[in-house]
Amino acid sequence: MKKLLLLAVLLLNIAAYAQNERPKLVVGIVVDQMRFDYLYKYWNRYGNEGLKRMINEGYQCKNLQFNYVPTYTAPGHAAIYTGTTPARNGMIANDWYDRKKGGMMYCTEDPSVATVGAATVKVGKMSPRNMLSTAVSDELRIATNKKGKVIGVSLKDRGAILPAGHLANAAYWFDGESGNWVSSTFYMNELPKWLQDFNAKQSALTYLKKGWNTLYPIESYTASLPDKNNYETPFKGKAEAVFPYLLDSLMAKNGGQNLIKATPYGNTFTKDIALAAIDGESLGKDEITDMLCVSFSSTDFVGHQFGPDAIEMEDTYLRFDQDIADFLKQLDAKVGKGEYLIFLSADHGGATVPAYLMDERAPGGYMDYKPMEDSIKSALKNKFDATDWYLDIQNDQIYLDESKIRASKHTLETVEEYLAEKLIAFDGVHSITTASRLNKNEYSKGTLHLVQQGFYGKRSGNVIITLEPNWMEYSKTGTTHGSPYSYDTRVPMLWYGWKIQKGETALPYFINDIAPTVSWLLNIPFPNATSGNPIPLPINK
Ligand code: ZN
Ligand code: ZN
């Protein structure tokens, strides 16, 4: 009898623990290139069941900032999930100059693995190996003795791979050549049956055949510039960037099925695979917490092509809001209301098109690095009699041949400082620092703090340039991101679902606070190189 009682107590305890301590599913949502203001610029046009449901019923951090530069996709996804900045996780950019290789390195490139799910060779030579610290997804895997599943999905390889971490069950991304979602042998040798079936439908073609017209009458898009304006890049094969878009006829000149990426259908397609993964992998079905990392990339492709003030952008967000509404509804049905936890943020913002600002007599401009490159070469020749010290400029950073300089009679510091002093005179340059200075000093605020948090000596350049606000190296149509300024650094931060109380805060929080917050909610370890802190969200006990 006593034994039975003990057993009953034990079972009750297990049940209480399992049901009360953790959500069944954590869904991390990254919206690529989503600025904070997009929540409110289109607020009156959103439905009640999508982003507004998350804001009205969840908790919002209204002053979430990036605390490093450059604000690109790989560093952004890595920072959100590793709880630290490129200085520690090594994700200093999407591509960087690799000194050992003597050429460019892609963030998730891995020649030791192969594509799974398509005949396309290069698309699957990807893994998280270049990311140097664990992600919160890794910590969940370890904490559950690998019983909690982690899956990452995104049209972009890096948007799927970096969030899902090193111990992920799978990451899936889109191959425009085959129209398939693929993975790599880092994760598996064959796609699961549910994904083979999903791929067999070739849904990208179905979406592209629909064409892209505005969701509502075009006159109602009053939050945006006129459809025909000077600040958008048209698709190849179409003279102007105006609606409607007959997408199937544009495919041939715009990368085939890759075209879906720069349309709102790319996000819908991502939602489709996220839902298919929940079903196929039985995510959130038992008491052991699973994690689904979803990154919606089309917002970024549309932003690069058309800029933040285009009707194309407005329409992309109105449709994205509908995707979110459907996603929440399906999560309610599949996992259960209150049983899942969602966090939503972005990997960076995006700049207002500088050409537009310049036409409006506001500051902005375009950087051309070619003249600076020539100037570096002649400066090195004239001052140091060196013709082979300059290697490359990437991500506003100048790479020098460190071993050749060390072998000369000059110090690296002397050469870096000489260039820094020389190049500050260029139009568009706000400030310059050097690797030597970053290695010697610790900066706790200002631009140099952001630069230092984005600097990892083994991968970063020797001379680091910060451009003036709204200056960029880019075409005069469309836009980009990467700067330390608020349009790139302030992004949405929503918490929704499991135990999260309604509310909002204007207190400053940082992008590397997200992962430790998730760890805190789940009572699992912080990612191993965490530099952020948990956000004290109000939760139901
Ligand atoms: Zn991005
Ligand atoms: Zn981008």
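**Core, zinc site and strand 14**

Tutor: In this predicted model, Phe327 touches residues well beyond its four neighbouring places in sequence: Val27, Ile29, Lys271, Ala274, Leu275, Ile278, Leu292 and Val294 are in contact with Phe327.

Student: Which nonpolar core is Phe327 in, and how many residues does that core have?

Tutor: Phe327 belongs to the largest nonpolar core, which has 129 residues. Tyr172, Leu292, Phe327 and Trp495 are the residues with the most contacts inside that core.

Student: Which helix gives the most to this core?

Tutor: Helix 13, residues 311–334, gives the most, with nine residues.

Student: What other core lies apart from that one?

Tutor: Another core of 24 residues lies apart from it, and its members include Met372, Trp389, Ile405 and Leu419.

Student: Changing topic: what are the protein donors of the zinc ion (ligand 2)?

Tutor: Asp300 provides two OD atoms, while His304 and His481 each provide NE2. These donors lie 2.0 to 2.5 Å from the zinc ion (ligand 2). Along the chain, the donors follow the spacing D-x3-H-x176-H.

Student: Why is the arrangement around the zinc ion (ligand 2) irregular?

Tutor: The four donor atoms subtend angles of 55 to 156°. A tetrahedral arrangement would need all angles between 85 and 135 degrees, so the arrangement here is irregular.

Student: How far apart are the zinc ion (ligand 2) and the zinc ion (ligand 1)?

Tutor: The two zinc ions are 4.1 Å apart.

Student: Where do Asp300 and His481 lie?

Tutor: Asp300 lies in helix 12 (residues 298–306), and His481 lies in the loop between strand 17 (471–472) and helix 20 (486–489). The pair therefore ties together parts that are 181 residues apart in sequence.

Student: And are they buried or exposed?

Tutor: Asp300 is buried, because its relative accessible area is 3%. His481 is also buried, with a relative accessible area of 8%.

Student: On to strand 14: which residues are on its two sides?

Tutor: In strand 14 (residues 397–400), Gln397 and Tyr399 are on one side, and Ile398 and Leu400 are on the other. All of these are buried, and both faces are covered.

Student: How many bridges join strand 13 to strand 14?

Tutor: Four bridges join strand 13 (residues 390–394) to strand 14, and the two run antiparallel. Within this pairing, Gln394 has Gln397 as its bridge partner. The two strands form a hairpin with two residues between them, and Asn395 in the turn has a positive phi of about 55°.

Student: What about strand 16?

Tutor: Strand 16 (residues 463–467) is joined to strand 14 by two bridges, again running antiparallel. Ile464 in strand 16 stands opposite Gln397.

Definitions and conventions
Residues are numbered from 1 along each chain as its sequence is written. Chains are lettered from A and ligands numbered from 1 in the order in which they are written. This is a predicted model: local features need pLDDT of at least 70, side-chain atom pairs count only at pLDDT 80 or more; totals for chains, interfaces and linings use all residues. Side-chain values use heavy atoms; hydrogens and water are left out. A nonpolar core is a set of buried Ala, Val, Leu, Ile, Met, Phe, Trp, Tyr and Cys residues joined through side-chain atoms within 4.5 Å. Buried means under 20% relative accessible area, exposed over 50%, partly exposed in between (1.4 Å probe, protein chains only). Contact means heavy atoms within 4.5 Å. Donors are N, O and S atoms within 2.8 Å of the metal (3.2 Å for Na, K and Ca); water is not among the atoms, so sites may look incomplete. Four donors count as tetrahedral if all angles lie between 85 and 135 degrees; four count as square planar and six as octahedral if opposite donors are over 155 degrees apart and all others between 65 and 115; anything else is irregular. Two strands pair if DSSP finds at least two bridges between them. Lists of a residue's contacts leave out its neighbours within four places in sequence.
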